[in-house]
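Thanks for coming, everyone. I will put a structure on the screen and walk you through a few parts of it.

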Amino acid sequence: SYWQAIALKPNYAEPYNNLGNTLKELGRLEEAEASYTQAIALKPNFAEAHNNLGIMLKELGRLDEAEASYTQAIALKPDYFEAHSNLLKCLYLQDKRSLFIDELDYLINQDKANAVIGSLTCRSTLKYGLEKPNLFCREPLKYVLHIDMNTQYDFEEIFVEKARSILNENRISNRKQSLLVNGYQTSGNLFDIKNSFTEQIQKAIRLEIEKYRINFKDSKDGLIKKWPTEYSLYGWLISMKSGGELKPHIHSNGWLSGSLYINVPLKSKAESGNLVVSLGEEKDATDTRINVEQIINVVTGSLVLFPASLTHYTIPFEAEEERIVLAFDVKQK
């Protein structure tokens with residue numbers, strides 16, 4: 001469809017930008033770069049295309065170029081919050097301490113809160129010993145909830161059968177996921193598929209999210225105080241084979257994140273396949289500072305809800321069965 005739009009209107013920058021997003025999702029990064037570059041050539045003041053090019057360059061490890069793209073997006077659109085967040089992360093990854101602190105202070109002074117800023121505030125405390133206000137979530141490990149969905153729902157019928165059916169639908173493609181070892185992840189938003197399968201699953205998840213919000217209603221943290229007045233659910237399925245794992249990461253575009261365990265094989269060791277949530281990555285902890293983490297013993301039917309700012313990963317497992325998880329984010333509209 002994007003190529004058709006370009007064929008009809010060759011000087012139209014927007015489809016080149018959208019095509020770049022799709023190519024990046026498919027892992028065709030060189031083509032994505034060319035598409036973003038063409039969008040910018042057609043429309044030099046296209047701030048979103050500069051930001052998207054930066055995201056792709058960061059994935060390629062070309063951090064200096066990514067930083068330049070984010071900086072250009074901000075120059076064109078000074079209040080571009082997403083580009084500021086992306087620049088903050090890029091500066092942290094390059095260990096540009098002074099520039100990182102300046103950007104973090106700017107965002108704090110603007111009273112901005114999201115998962116990226118919350119995560120990097122925690123991580124910079126571990127790395128640099130910084131004590132900055134965390135406008136998103138000061139103690140995110142206190143906001144982790146582990147729920148047994150088996151006791152509330154017919155888990156096999158509502159979740160397991162439907163998830164397996166969705167995985168078997170040929171129209172769902174997989175996306176490039178460099179963090180995933182020995183597995184695959186579905187592409188796009190699972191909940192954009194309008195059928196009784198996804199609607200029933202989404203209804204149950206939204207109910208648990210509302211219970212979560214009520215549970216922490218008296219919190220003074222931005223996670224709850226700034227809770228989106230309107231949100232959408234963005235979900236995807238992850239399937240792993242024996243030896244599979246998901247490396248440390250956060251959900252940059254989420255507010256609250258969740259993992260619903262559709263199938264967890266029997267554990268060969270006590271912690272096989274378990275979920276680990278932590279304040280940052282192990283490499284962040286310098287001097288005597290400790291990266292505090294929590295290991296969650298997940299089984300089939302577990303639902304874990306946690307702030308999207310929390311670093312999380314899975315412990316590798318060995319089993320004949322595949323491990324299936326429905327991951328999702330609450331995304332601010």
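Let me start with a question. Is Asn215 buried, partly exposed or exposed? Find Asn215 in helix H10, residues 196-215. The answer is partly exposed, because its relative accessible area is 49% and the exposed class starts over 50%. One distance from there: the C-alpha atoms of Asn215 and Ser257 are 16 Å apart, with their positions 42 residues apart along the chain.

Keep in mind that this is a predicted model.

Now the whole protein. It has 11 helices and 10 strands. The radius of gyration is 20 Å, and the globule rule gives 20 Å for 333 residues, so the protein is as compact as a globular protein of that length. Along the principal axes, the C-alpha atoms fill a box of roughly 55 × 55 × 40 Å. Of the 333 residues, 51% are buried. Then the contacts. Take those between residues at least 6 apart in sequence: 74% of them join residues at least 24 apart.

Next, helix H8. It covers residues 115-128. Does its length add up? What would you expect for 14 residues at 1.5 Å each? The expected span is 20 Å, and the end C-alpha atoms sit 19 Å apart, which agrees.

How many of the 14 residues of H8 are buried? The count is 12, so to speak a mostly covered helix. Among them are Ala115, Gly118, Ser119, Cys122, Arg123 and Tyr128. What do the buried residues pack against? Two helices: H6, at 81-93, and H7, at 97-109.

Look at the ends of H8. Asn114 caps the N-terminal end. A side-chain oxygen of Asn114 lies 3.2 Å from the backbone nitrogen of Val116. After the helix comes Gly129, with a positive phi near 75°.

Just before H8 there is a loop to check. Asp111 lies in the loop between H7 and H8. Its phi is near 60°, positive in a residue other than glycine. Asp111 is partly exposed, at 46% relative accessible area.

There is another such aspartate. Asp287 is in the loop between E6 and E7. The phi of Asp287 is near 55°, again a positive value in a residue other than glycine. Asp287 is exposed, with a relative accessible area of 70%.

That loop takes us to the sheet. Three strands form an open sheet, in the order E7-E6-E9, with antiparallel pairing. Which strands stand at the edges? They are E7, 293-296, and E9, 311-314. Each has a single partner strand, so one side of each is left without a neighbour in the sheet. The twist averages 20° from one strand to the next. Strand E6, residues 275-278, pairs with E9 over 4 bridges. One bridge to pick out: Ser278 has Thr311 in E9 as its partner.

Last stop, Ser309. It is found in the loop between E8, 302-307, and E9. Buried or exposed? Buried, because its relative accessible area is 4% and the cut-off is under 20%. What does Ser309 touch, leaving out residues up to four places away in sequence? The list is Ala115, Gly118, Ser119, Phe136, Pro140 and Ile250. Ala115, Gly118 and Ser119 are buried residues of H8. That brings us back to the helix. Over to you for discussion.

Note on methods
Residues are numbered from 1 along each chain as its sequence is written. This is a predicted model: local features need pLDDT of at least 70, side-chain atom pairs count only at pLDDT 80 or more; totals for chains, interfaces and linings use all residues. Side-chain values use heavy atoms; hydrogens and water are left out. The expected span of a helix is 1.5 Å times one less than its number of residues. Buried means under 20% relative accessible area, exposed over 50%, partly exposed in between (1.4 Å probe, protein chains only). Contact means heavy atoms within 4.5 Å. A polar contact is a pair of N or O atoms within 3.5 Å; within protein, one must be able to donate a hydrogen and the other to accept it, and residues adjacent in sequence count only if both atoms are side-chain atoms. Two strands pair if DSSP finds at least two bridges between them. Axes are lines fitted to C-alpha atoms, for helices over the stretch in contact, and angles run from 0 to 180 degrees between N-to-C directions. The radius of gyration is taken over C-alpha atoms; the globule rule is 2.2 Å times the number of residues to the power 0.38.
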